[in-house]
Amino acid sequence: MALQTEVWEADLKENPIPDTSFVYQSEEKSEYVNNNTLHLQEAGIEPTVYENFFAADPDAELPIMAVDDIPHEVLLSTYSTAVTRHRKLEEVELSYGRRQSVINRHRNALAKQLGRKAAYMWTPGEGNEFNSKMDLAANDSIIDAITDLRAFYMDHDINEDLNLCLNAGHWARIKKEDKKLYKELIAEKNKIYCDFKIFTYSQTPVFTETGIKKPYGAVPLAGDRRSSFSWVSSETFRCFGDTEAFLEEKKAKTQADLLSYAQRGLVGNIRANNPKYLGAII
């Protein structure tokens, strides 16, 4: 019996990233994908509000203001797993447990890569009116930083769909500052603190010693610092396109079967041209 690529594709496509991943705290936009291209509308600016506009001149006319949505068309990225070698993959296909074990290794690799990309996209390089960036000294309180970050969102009247992803170092500093809070966080299934849903992740973006965000995939050097980051679910998105399994049976050189996956997907910010309501703690 020949290997059926449909069987292998279906199992991976069902859930390319685990639903426990922080990446799931974003808008699902797969329904807007057509031919592996995402068609997205970014909300335009809000209209100006006038108080007692006609008091001075009853015959005055309200100004007309353009608030059209901004269209985006983005080609989904292709995430390809390295080829893995398997003996008697045809027999593995008939055993659900063994097949899932093989697929899970590829799925986990894809999920980690998508997580790294999401973390990079959802971490601001600079602070401004709509994004917060906090540069902590070695002895500064991480709990105070989270509190200040919550205040930033309150200043923008954002009180829902808040998420915070902590790197290992910042997570450890919480334990050193407040062991009671730390125990409460690890006991909570969804880890809520200061209205943030808390996640941890080891591959958050890297900043230089002077606070400059390094390029995606940069290797940390001496003096560099891992960041923690925050985001609003409704301001970010994830989407998936085609899933393909590539199977080569009975290769003579290896006397084995070869398997690789290609997953089309994209993670990013809904306001692609001007991302808002992101936070970074470094």
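In the predicted model, Asp195 has a relative accessibility of 46% and is therefore classed as partly exposed, since this value falls between the 20% limit for buried residues and the 50% limit for exposed ones. The residue is located in the loop that links β9 (192-193) to β10 (196-200). Its phi angle is positive, at about 70°, although Asp195 is not a glycine. A positive phi in a non-glycine residue is also found at Tyr277, with a value of about 65°. Tyr277 is placed in the loop between β15 and β16 (279-281). With a relative accessible area of 12%, Tyr277 is buried, because the value is under 20%.

The protein chain contains six helices and 16 strands. Its C-alpha trace spans about 85 × 55 × 35 Å along the principal axes. Of the 282 residues in the chain, 43% count as buried. Among contacts between residues at least 6 apart in sequence, 75% join residues at least 24 apart. One pair that is apart in both sequence and space is His86 and Ile174, which are 88 residues apart along the chain and have their C-alpha atoms separated by 44 Å.

In soluble globular proteins, nonpolar side chains tend to be buried together. The largest nonpolar core of the model comprises 29 residues, and Trp8, Phe22, Trp122 and Trp231 have the most contacts inside it. Two or more residues of this core are supplied by each of α1 (5-13), α2 (89-93), α3 (96-121), β13, β14 and β15 (256-269). The greatest contribution, seven residues, is that of α3. Beyond its neighbours within four places in sequence, Trp122 contacts Phe22, Val23, Ser26, Phe229, Ser230 and Trp231, together with Thr236, Phe237, Gly268, Asn269, Leu278 and Gly279. A second core, separate from the one above, holds 24 residues, including Ile146, Ile158, Leu164 and Ile198.

Two helix pairs were examined. The axes of α1 and α3 are 10 Å apart and form an angle of about 55°. The arrangement of α1 relative to α3 is therefore oblique, as the angle lies between the 35 degrees limit for roughly parallel and the 65 degrees at which roughly perpendicular begins. The crossing of α3 by α1 is right-handed. On the α1 side, Val7, Trp8, Asp11 and Leu12 take part, and they meet Tyr96, Arg99, Gln100, Val102, Ile103, Arg107 and Leu110 of α3. In the second pair, helix α4 (residues 142-155) and helix α5 (residues 168-177) have axes that come within 8 Å and cross at roughly 110°. Because this angle falls in the range of 65 to 115 degrees, α4 is roughly perpendicular to α5. The residues that meet are Ile142, Ile143 and Ile146 from α4 and His170, Arg173, Ile174 and Glu177 from α5. Ile146 is also one of the residues of the second core.

Several buried polar residues were also located. His86 belongs to strand β6 (residues 84-86). Its relative accessibility is 11%, so His86 counts as buried. The side chain of His86 forms a polar contact of 2.7 Å with the side chain of Thr84. Outside the four places on either side in sequence, His86 touches Val102, Ala256, Asp257 and Leu259. Val102 is also among the α3 residues that meet α1.

Thr81 is found in the loop between β5 (77-80) and β6. At 10% relative accessibility, this residue is buried, because the value is under the 20% limit. A polar contact of 2.9 Å joins the side chains of Thr81 and His106. With residues up to four places away in sequence left out, Thr81 touches His106, Leu110, Ser260 and Tyr261. Of these, Leu110 also takes part in the packing of α3 against α1.

Ser233 occupies the loop between β13 (228-232) and β14 (236-251). Its relative accessibility is 10%, so Ser233 counts as buried. The side chain of Ser233 reaches the backbone oxygen of Gln25 at 3.4 Å. Apart from residues up to four places away in sequence, the contacts of Ser233 are with Gln25, Ser26, Glu27, Asp161 and Asn163. Ser26 also appears among the contacts of Trp122.

Methods. Residues are numbered from 1 along each chain as its sequence is written. This is a predicted model: local features need pLDDT of at least 70, side-chain atom pairs count only at pLDDT 80 or more; totals for chains, interfaces and linings use all residues. Side-chain values use heavy atoms; hydrogens and water are left out. Helices (H or I, at least four residues) and strands (E, at least two) are DSSP runs, numbered from the N terminus. Buried means under 20% relative accessible area, exposed over 50%, partly exposed in between (1.4 Å probe, protein chains only). A polar contact is a pair of N or O atoms within 3.5 Å; within protein, one must be able to donate a hydrogen and the other to accept it, and residues adjacent in sequence count only if both atoms are side-chain atoms. Contact means heavy atoms within 4.5 Å. A nonpolar core is a set of buried Ala, Val, Leu, Ile, Met, Phe, Trp, Tyr and Cys residues joined through side-chain atoms within 4.5 Å. Axes are lines fitted to C-alpha atoms, for helices over the stretch in contact, and angles run from 0 to 180 degrees between N-to-C directions. Angles under 35 degrees count as roughly parallel, over 145 as roughly antiparallel, 65 to 115 as roughly perpendicular and the rest as oblique. A crossing is left-handed if the near helix is turned anticlockwise from the far one by less than a right angle, and right-handed if clockwise.
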